[in-house]
Structures are given as C-alpha cells and as structure tokens.
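Visitor: I would like to learn how to read a structural model feature by feature. Could you give me the general idea each time, and then the case in hand?

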Amino acid sequence: MADGMKSTIAQAYLSLLEEGGDQVISVTDVVDRAEISRMTFYYHFHDIYDLFDWLYGSYFQHELDLALAENSGRKRTEAWRDVLVRIVRIISDNELHVLDNYRHLDPYILDRHAFAIFHRMVEQAFEVMLKPGALDETDQHTVVEVCTFTLIGMLKTWMDRDLDFDPIDYIDAVDRFIKNNTRPFARKR
C-alpha cells in the first residue's frame with residue numbers, strides 16, 4: 001500500500017508540473033491535488049526533493065536494471081551507453097516534466113539529488129564493467145565521481161538550452177572515455 005500512496009502523491013506532483021506556470025510546486029500544492037493530509041505526505045516523503053528522488057531515482061534505477069539485463073549476452077560495457085541513451089530518451093519524451101522540475105526546484109538541492117541518483121547508477125555500471133579489485137577503492141571512487149559530474153554537466157547544459165541539441169555525441173564521448181580508460185580493468189564476457 002505504501003508504494004500505492006507514493007504513486008498517488010507522485011501523480012499529483014506530475015499533474016501539477018503538466019499545468020506549468022512559474023510557481024514553485026510546494027508540498028501544500030501536492031497534498032491539495034492528491035487530496036491527502038500533510039501528515040500522509042510526510043509519512044512517505046521527507047520533503048519535495050525526497051519525492052523527486054523517489055520518482056526519478058527509482059525510474060532511472062529500473063532503466064539501468066533493464067539495460068543490464070538486456071546486455072547480459074553482449075559486452076557488459078554496452079549497458080553503460082544504453083542506460084545513458086535511455087535517460088536521454090526519457091528526458092526527451094518527458095520534456096515538459098523535466099524542464100519544469102529543472103526550473104522550479106532549488107538548483108543547489110536539485111544538483112545534490114541529481115548527483116546522488118547518477119552516482120548510484122555510475123557506481124553500479126562500474127561494478128558490472130570492472131574486474132573485482134581492478135582499481136583500488138580511491139581510484140574507482142575518483143573515476144565514478146568524474147563520470148557523474150560529466151553526465152550532470154552534460155544534462156544541465158542540454159536542459160539550459162531547452163533540449164535544443166542531440167546529446168548523443170556527448171554520450172558517445174563519455175562512453176569512449178570510459179571504455180578507453182577502463183579497458184585494461186574490464187571484465188571479460
């Protein structure tokens with residue numbers, strides 16, 4: 001039932017985004033739309049950014065899991081690019097929602113939450129791609145952080161430009177960078 005209520009709250013949030021406008025969407029707006037109490041909202045989410053994490057983090061995690069499963073018969077490094085392409089397609093398909101989130105949420109907090117979401121994904125991709133112990137913990141952490149910042153920077157640039165260019169070239173560049181720099185440490189199929 002908890003995920004059902006979380007989904008109800010998320011749908012209320014998304015419907016508010018669809019309406020657009022210049023106002024920041026508040027918890028009050030969401031609970032009014034969902035016709036629930038504030039206590040119910042706060043039982044399921046700490047704040048509007050926790051809702052954002054649940055909504056997008058779980059969705060992107062699902063996409064990562066699908067890409068990893070679909071790539072099980074191919075080189076595992078292929079999953080990395082597939083996930084990035086899926087994310088770009090999700091953003092393109094949901095342009096209104098994504099750009100409204102981007103414009104209406106506090107940029108500092110949004111950056112922190114986006115970092116957490118993408119950092120988890122990049123970490124998982126590296127766990128699948130690299131041989132166990134191939135890089136020491138410090139090096140792997142550094143590479144994961146560099147890739148995470150690169151992805152977030154690319155996505156922010158794309159959104160700042162209202163999705164007016166094809167980010168696949170950036171994805172391909174990041175993909176080449178990762179493959180070239182992890183090839184000696186990559187798992188064999």
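Visitor: Let us begin with accessibility: is Lys 156 buried, partly exposed or exposed?

Guide: Lys 156 counts as partly exposed, because its relative accessible area is 25%, which falls between the limits of 20% for buried and 50% for exposed. Please keep in mind throughout that this is a predicted model.

Visitor: With which residue does Lys 156 form a salt bridge?

Guide: The general idea is that side chains of opposite charge can pair when their charged atoms come close. Here the partner of Lys 156 is Asp 111, and the closest N and O atoms of the two are 3.0 Å apart. Asp 111 is itself partly exposed, with a relative accessible area of 30%. The structure holds one salt bridge.

Visitor: Which parts of the chain does that pair link?

Guide: The pair links distant parts of the chain, since Lys 156 sits in helix α8 and Asp 111 in helix α7, with their positions 45 residues apart in sequence.

Visitor: How should I then describe the packing of those two helices, and at what angle do α7 and α8 meet?

Guide: As a general matter, two packed helices are described by the angle between their axes and the distance between the axes. In this model, α7, which spans residues 107-129, and α8, which spans residues 137-160, pack at about 130 degrees with their axes 9 Å apart. That angle makes α7 oblique to α8, because angles over 145 degrees would be needed for roughly antiparallel and the perpendicular class runs from 65 to 115. The crossing of α7 past α8 is right-handed.

Visitor: Which residues make that contact?

Guide: On the α7 side they include Asp 111, Phe 115, Phe 118, Val 122 and Phe 126, while the α8 side contributes, among others, Val 144, Cys 147, Leu 151, Ile 152 and Lys 156. Sorted by class, the contact of α7 with α8 comprises 12 nonpolar, four polar and five charged residues. Both members of the salt bridge, Asp 111 and Lys 156, therefore appear in the list of contact residues.

Visitor: What else is in contact with Lys 156, and where does Tyr 102 lie?

Guide: Tyr 102 lies in helix α6, which covers residues 95-104. If residues up to four places away in sequence are not counted, Tyr 102 touches Leu 110, Lys 156, Met 159 and Asp 160. The C-alpha atoms of Tyr 102 and Lys 156 are separated by 8.7 Å, although the two residues are 54 apart along the chain.

Visitor: Let us compare this with another lysine: is Lys 6 buried or exposed?

Guide: Lys 6, located in helix α1 (residues 2-19), counts as buried because its relative accessibility is 19%, under the 20% limit. Leaving aside neighbours within four places in sequence, Lys 6 is in contact with His 44, Phe 45 and Trp 54.

Visitor: And what does Ala 34 contact beyond its sequence neighbours?

Guide: Ala 34, a residue of helix α2, is in contact with Thr 8 and Ala 12 once neighbours within four places in sequence are set aside. Ala 34 is buried, at a relative accessible area of 15%, and its C-alpha atom lies 5.9 Å from that of Ile 9, a residue 25 places away in sequence.

Visitor: Turning to the backbone, what is notable about the phi of Glu 35?

Guide: Glu 35 has a positive phi of about 55 degrees although it is not a glycine. Glu 35 belongs to the loop between α2 (27-34) and α3 (38-44), and it counts as exposed, with 72% relative accessibility. Asp 162 likewise has a positive phi of about 55 degrees without being a glycine; Asp 162 lies in the loop between α8 and α9 (168-182) and counts as partly exposed at 41%.

Visitor: Finally, how many helices and strands does the whole protein have?

Guide: The secondary structure comes to nine helices and zero strands. Of the 189 residues in the protein, 46% are buried. Among contacts between residues at least 6 apart in sequence, 70% join residues at least 24 apart, and the pairing of Lys 156 with Asp 111 illustrates a link between distant parts of the chain.

Conventions:
Residues numbered from 1 in each chain as written. Predicted model: local features only at pLDDT ≥ 70, side-chain atom pairs only at ≥ 80, totals over all residues. Heavy atoms only, no water. Axes fitted to C-alpha atoms, helices over the stretch in contact; angles between N-to-C directions. Helix = DSSP H or I, 4+ residues; strand = E, 2+ residues; numbered from the N terminus. Parallel < 35°, antiparallel > 145°, perpendicular 65-115°, else oblique. Left-handed = near helix turned anticlockwise from the far one by under 90°. Contact = heavy atoms within 4.5 Å. Nonpolar A, V, L, I, M, F, W, Y, C, P; charged D, E, K, R; others polar. Salt bridge = Lys/Arg side-chain N within 4 Å of Asp/Glu carboxyl O. Buried < 20%, exposed > 50% of the residue type's maximum accessible area, 1.4 Å probe, protein only.
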